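Q: I would like a close look at one part of this model. Please treat the aromatic residues and the nonpolar core in a single connected account.

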Amino acid sequence: MRTGSRATLATFLMIFAGSAQAGTEDEVKAQFSKFVAAQNAHDLKAVGDMLLDSPQFLWITRGAPIWGREAALKRFEALYQGTWSLDPKADELKVIEIQPGVAQLYVPATFMIAPAGQTAQPSRFLMNQVLVRTPEGWKISSILPIPVPMP
């Protein structure tokens with residue numbers, strides 16, 4: 001292959017790879033935005049539609065693993081009986097494409113959580129999610145919130 005052809009091919013591949021990353025990032029951010037809206041609306045069906053329907057779905061909450069979409073939906077349903085709202089810092093959201101069709105999302109977020117009838121206190125978390133592209137679109141395969149002290 002001639003040097004000119006190699007340079008053209010290398011340029012094409014860099015442009016294509018950049019656009020693939022940009023597309024993935026935009027799609028994952030859009031999916032997360034829908035997830036936040038569904039969480040804040042306590043829309044269990046919409047949240048369920050965004051979770052990977054697999055026994056390998058993992059959500060770590062309060063130091064305990066919840067395995068599987070159905071178990072996660074039962075937990076969300078219980079939490080929705082009280083105060084449950086999510087306020088991510090959108091300007092700090094980052095998407096890392098791990099490989100084609102797999103992305104990690106990171107964003108600091110404040111949760112307002114309290115059982116029914118109790119006053120909610122803000123809790124800060126570093127939210128991490130892994131999403132996978134399926135024939136139905138991007139699905140959340142894990143939710144890994146890490147608690148951090150309030151400033």
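Which residues do ring pairs link into a cluster?

A: In this predicted model, the cluster joined by ring pairs consists of Trp-59, Phe-76, Tyr-80, Trp-84, Phe-111 and Phe-125. The number of aromatic pairs comes to six. One of them is formed by Trp-84 and Phe-111, whose ring centres lie 5.2 Å apart with the planes at 50 degrees; the pair is therefore tilted, since edge-to-face would require over 60 degrees and stacked under 30. This pair connects distant parts of the chain, with Trp-84 in strand 3 and Phe-111 in strand 5, 27 residues apart. Both partners are buried: Trp-84 has a relative accessible area of 8%, and Phe-111 one of 5%.

The account now turns to the nonpolar core. The largest such core holds 32 residues, among which Phe-35, Leu-51, Trp-59 and Ile-143 touch the most other members. Two or more residues each are contributed by helix 1 (3-40), helix 2 (44-50), helix 3 (69-79), strand 3 (83-88), strand 5 (102-114), strand 6 (121-134) and strand 7 (137-148). Strand 5 supplies the largest share, namely six residues. Trp-59 thus appears both in the ring cluster and among the core members with the most partners.

For Phe-35, the contacts beyond four places in sequence are Val-47, Met-50, Leu-51, Leu-86, Gln-129, Ile-140 and Ile-143.

Strand 7 also contains Ser-141, which counts as buried because its relative accessibility is 12%, under the 20% limit. Beyond four places in sequence, Ser-141 is in contact with Leu-52, Gln-56, Phe-57, Leu-58, Val-130, Leu-131 and Val-132.

Conventions. Residues are numbered from 1 along each chain as its sequence is written. This is a predicted model: local features need pLDDT of at least 70, side-chain atom pairs count only at pLDDT 80 or more; totals for chains, interfaces and linings use all residues. Side-chain values use heavy atoms; hydrogens and water are left out. A nonpolar core is a set of buried Ala, Val, Leu, Ile, Met, Phe, Trp, Tyr and Cys residues joined through side-chain atoms within 4.5 Å. Buried means under 20% relative accessible area, exposed over 50%, partly exposed in between (1.4 Å probe, protein chains only). Helices (H or I, at least four residues) and strands (E, at least two) are DSSP runs, numbered from the N terminus. Contact means heavy atoms within 4.5 Å. Rings of Phe, Tyr and Trp (its six-membered ring) pair if their centres lie within 6.5 Å; planes under 30 degrees apart count as stacked, over 60 as edge-to-face and the rest as tilted.
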